[in-house]
Amino acid sequence: MLKNSLFFQCRHLQLVQLPQSLTAIGDYAFSGCSVLKEDVLKTLASLKVVGVAAFEGCASMVEITIPASVEKLDQAAFKDCTGLRSLRFQEPSALKSIGSHCFQNCTALEELILPEGVEEVGLAAFDGCSSLRSLSLPAASATQPGIQGAALPEGTILIYDSKDS
């Protein structure tokens, strides 16, 4: 596990290489690393959990790939990643839970396709995603607090994917 707050507020950190055996990124591990640009997650095949506010305020991250092994994105994990334009989930995804405020204020994010296995979407998960125009999600996620009455921008198209159809 990458320790909590390990790189907290390292405002000059642009690049970091993490061991592929890493199973969890601790709370606030990269929070406030505003110039971190590299997608540090995509090669972490053993990663299961991204902790609370782990990448909060990483405004220079443009692209993030969530490894297929990840089961939980905790509260505010990517909050205030204002430069984030592309968010991809490797398939087949083990993701079950997206925490409250997880992608709050990711103002550059325009489109998001959630993987089939997502069972929980926390409150305000997409609040403040002012550029979000399309959110595709499993039909089973439609009743989650983060979707029902969600603070999505006006005109956002919700696409419910049902594998039974």
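Colour the chain by secondary structure to begin: this predicted model has zero helices and 10 strands, and when the chain is read along its sequence the pattern is β-β-β-β-β-β-β-β-β-β. With the whole chain still in view, the C-alpha atoms fill a box of roughly 45 × 30 × 20 Å along the principal axes. The radius of gyration is 15 Å, which agrees with the value near 15 Å that a compact globule of 165 residues would have. Switching to a surface representation shows an accessible area of about 7,800 Å², of which 49% belongs to carbon and sulfur atoms, while 47% of the 165 residues count as buried. Of the contacts in the chain with a separation of 6 or more, 42% are accounted for by residues 24 or more positions apart.

Next, select the strands of the open sheet. Five strands take part, in the order E1-E2-E4-E6-E8, and their pairing is parallel. At the edges are E1 and strand E8 (120-121), each of which pairs on one side only. Inside this sheet, E2 and E4 can be picked out as a parallel pair held over two bridges, and if you select Val 49 you can follow its bridge to Lys 72 in E4.

Now show the aromatic side chains, for which the count comes to six aromatic pairs. Select Phe 30 and Phe 55 first: their rings are stacked, 5.0 Å centre to centre with 10° between the planes. This pair links distant parts of the chain, since Phe 30 is in the loop between strand E1 (24-25) and strand E2 (49-50), whereas Phe 55 is in the loop between E2 and strand E3 (63-66), 25 residues apart. Phe 30 is buried, with a relative accessible area of 0%, and Phe 55 likewise counts as buried at 0%.

Keep Phe 55 selected and add Phe 78, where the ring centres are 5.4 Å apart and the planes are at 5°, so this pair is stacked as well. Phe 78 lies in the loop between strand E4 (72-73) and strand E5 (86-89), and because Phe 55 lies in the loop between E2 and E3, the pair ties together parts that are 23 residues apart in sequence. At 0% relative accessibility, Phe 78 is also buried. Extending the selection to Phe 7, Phe 30, Phe 55, Phe 78, Phe 103 and Phe 126 brings up a cluster linked by ring pairs.

From Phe 78, move to Gln 104, which is found in the loop between strand E6 (97-98) and strand E7 (111-113). Gln 104 is buried, with a relative accessible area of 10%. Leaving aside neighbours within four places in sequence, Gln 104 is in contact with Phe 78, Lys 79 and Asp 80, and also with Ala 124, Ala 125 and Asp 127.

The last stop is the cysteines. How many disulfides does the structure hold? There are zero. Select Cys 81, which is in no disulfide and whose nearest cysteine sulfur, that of Cys 106, is 5.1 Å away; a disulfide would require the two sulfur atoms to be within 2.5 Å. Cys 81 counts as buried, at 0% relative accessibility. Turning to Cys 106, the nearest cysteine sulfur is that of Cys 81, and Cys 106 too is in no disulfide. Cys 106 is buried, with a relative accessible area of 0%.

Note on methods: Residues numbered from 1 in each chain as written. Predicted model: local features only at pLDDT ≥ 70, side-chain atom pairs only at ≥ 80, totals over all residues. Heavy atoms only, no water. Buried < 20%, exposed > 50% of the residue type's maximum accessible area, 1.4 Å probe, protein only. Phe/Tyr/Trp six-rings, centres within 6.5 Å; stacked < 30°, edge-to-face > 60°. Helix = DSSP H or I, 4+ residues; strand = E, 2+ residues; numbered from the N terminus. Pairing = 2+ DSSP bridges. Contact = heavy atoms within 4.5 Å. Rg over C-alpha atoms; globule rule 2.2 N^0.38 Å. Areas by Shrake-Rupley, 256 points an atom, 1.4 Å probe, with all protein chains shown as cover.
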